Amino acid sequence: LEKNSKLIQKMSSLTKHLKEADEHLAKKNHAAYEDLLSKIIQEGYQNEEDLKAVDEAITKLSAHLVKEKNERKMKELMEFLLSRIESFPKAKSAKLAKQLMDQGARFETFDTWQLSWCTKLRDWCIEKERTFLRQRVEIRLATLHWRLGELKKGLDLVDPLVKEVRKVDDKHLLVEVELLESKIYHTLENLSKAKSSLTAARAASNSIYCPPLLQAELDLMSGVLMAEEKDYKTAFSYFYESFESFAGLNEDKAIYPLKYMILCKVMINAFDDVAAILGGKYGLRYAGSDLDAMKAITQAHKHKSLKEFKKALSDYADKIQGDSILKTHVKALFETLTEQNLFQIVEPYSTVQIDFIADKIGLTREEVQAKLSEMILDKKFDGTLDQGNGCLIIFDQDKVDNLFETSLNTISNLNNVVDKLFEKVKLLKS
């Protein structure tokens, strides 16, 4: 009886701590909230009720640390779980490990540390023959390698994992692996394999219930590949679907498809649509430096001003250069705008000084010279660079006379007519 009464007291104390923690959170006493939850987690469990309380405490604390962006305590929590993972039942340890991996993924600043943590967890899974958890950890490891630019290591993990998951016919896991493979191939600029992997991921997702977050990731990747093929209207549709899902789940990632939606409209010169997006409810909800960067790029492209474009690239360098997809398309947009401006400047002249062009366009002499050389080699206009005199010589376009070709076609047609008449005469004679 004494043992049972002590057990009941302990159970009630853990539940009491959880309630106290919630009260501290309601009062916005975050330090006390975190301390109480940490105390519950470190105290351990003796029965099912305790385990339930510890599970709830880990869930609440990890979510709170993500919200507060407390990297140090998140690392401590993940290290603690790794040291005590054997003490949890199989299903619970897998759930908690996956949960902390997902929460840790929101901290992009300690990818390298998490790589080390996931490697230790993977080694433990192999040692204890925890196949399902190992597969989950390997997906996370491959994702970290991809984010850190270690694409070869990422592919080395993904390739055998795809075959393994197909054998066990785990559709949900297969969707995640194929989607990750598509992302890696896209980064490697192997678009055909990226499309193939994404098609396989979509096919697998059609046969199961696909969670909204995963569906949003699929739509986002579909939009990225459509944009690579310059099908910006279809890409916009995918980005919109992805954005709706992310926004509905209050995910921070929602800003990415929103930026790409604006980018698609800029690429097809639909500036009124961009204004409608920025002035709408979503534009106001996600207002900030990310959307300011897109607005600056839109205005520069609308005014066809390289000076404004370069200022936007300089003012929002972290937002543009830090996003590989945005960076690629903005660079292409800048190149197109540069060419348009160059055509406009050199069009009235047969010979023009490179310094004059550089002064007019607002670029350095070296940049203008390199771009003109590229355009001449690409046969975008007929001319040559006179390095000695520092000028561009533009040749007159030869007028194409179609008389000879037309005459040949006429003679050929007459010849066919005569042949047909000759065949008819032969038939009449016979």
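Author: pLDDT is the predictor's confidence in each residue, on a scale from 0 to 100. It applies here since this is a predicted model.

Reader: What is the average pLDDT of the protein chain?

Author: Start with the spread. Of the residues, 95% score at least 70. The average pLDDT over the protein chain is 85.

Reader: Which element of the protein chain has the lowest mean pLDDT?

Author: At the high end stands helix α11 (residues 212-228), with a mean pLDDT of 94. At the low end the mean is 62. That lowest value belongs to helix α1 (residues 2-26).

Reader: Over which residues is the pLDDT below 50?

Author: The stretch in question has 8 contacts in the model beyond near neighbours in sequence. Where pLDDT is low, the predicted coordinates should not be read in detail. The pLDDT is below 50 over residues 1-11.

Reader: Is Glu71 buried, partly exposed or exposed?

Author: Glu71 sits in helix α4 (residues 71-84). Its relative accessible area is 29%. Buried needs under 20% and exposed needs over 50%. Glu71 therefore counts as partly exposed.

Reader: What distance separates the C-alpha atoms of Glu71 and Thr109?

Author: Glu71 touches Phe107, Thr109 and Phe110, leaving out residues up to four places away in sequence. Along the chain, Glu71 and Thr109 are 38 residues apart. Their C-alpha atoms are separated by 8.6 Å.

Reader: How do α2 and α4 run, roughly parallel or roughly antiparallel?

Author: Helix α2 (residues 30-43) packs with α4 at an angle of about 10°, and the axes are 12 Å apart. Angles under 35 degrees count as roughly parallel. So α2 is, with respect to α4, roughly parallel.

Reader: How many residues in the contact of α2 with α4 are charged?

Author: From α2 come Glu34, Asp35, Ile41 and Gln42; they meet Lys73, Leu77, Phe80 and Arg84 in α4. The residues of this contact include 3 nonpolar and 1 polar. The number of charged residues is 4.

Reader: Is His329 buried or exposed?

Author: His329 belongs to helix α19 (residues 324-346). Leaving aside neighbours within four places in sequence, His329 is in contact with Ala227, Glu228, Tyr232, Leu263 and Met267. The relative accessible area of His329 is 6%, and the cut-off is under 20%, so His329 is buried.

Reader: What is the order of the strands in the open sheet?

Author: The sheet has 3 strands with antiparallel pairing. Its edge strands are β1 (351-353) and β2 (383-386), each pairing on one side only. The order is β1-β3-β2.

Reader: By how many degrees are neighbouring strands of this sheet turned against each other on average?

Author: The pairing in this open sheet is antiparallel. The average turn ignores direction. Its value is 20°.

Reader: Which residue in β3 is the bridge partner of Thr351?

Author: β1 and strand β3 (residues 391-394) pair antiparallel over 3 bridges. Gln353 stands opposite Cys391 in β3. Thr384 has Ile393 as its bridge partner in β3. For Thr351, the partner in β3 is also Ile393.

Reader: Which residue in the turn of the β2 and β3 hairpin has a positive phi?

Author: β2 and β3 run antiparallel, joined by 4 bridges. Their hairpin has 4 residues between the strands. A phi of about 65° in the turn belongs to Gly390.

Reader: At what angle to β2 does helix α21 run?

Author: Helix α21 covers residues 365-377. It lies across β2 and β3. Its angle to β2 is about 150°.

Technical notes
Residues numbered from 1 in each chain as written. Predicted model: local features only at pLDDT ≥ 70, side-chain atom pairs only at ≥ 80, totals over all residues. Heavy atoms only, no water. Helix = DSSP H or I, 4+ residues; strand = E, 2+ residues; numbered from the N terminus. Buried < 20%, exposed > 50% of the residue type's maximum accessible area, 1.4 Å probe, protein only. Contact = heavy atoms within 4.5 Å. Pairing = 2+ DSSP bridges. Axes fitted to C-alpha atoms, helices over the stretch in contact; angles between N-to-C directions. Parallel < 35°, antiparallel > 145°, perpendicular 65-115°, else oblique. Nonpolar A, V, L, I, M, F, W, Y, C, P; charged D, E, K, R; others polar.
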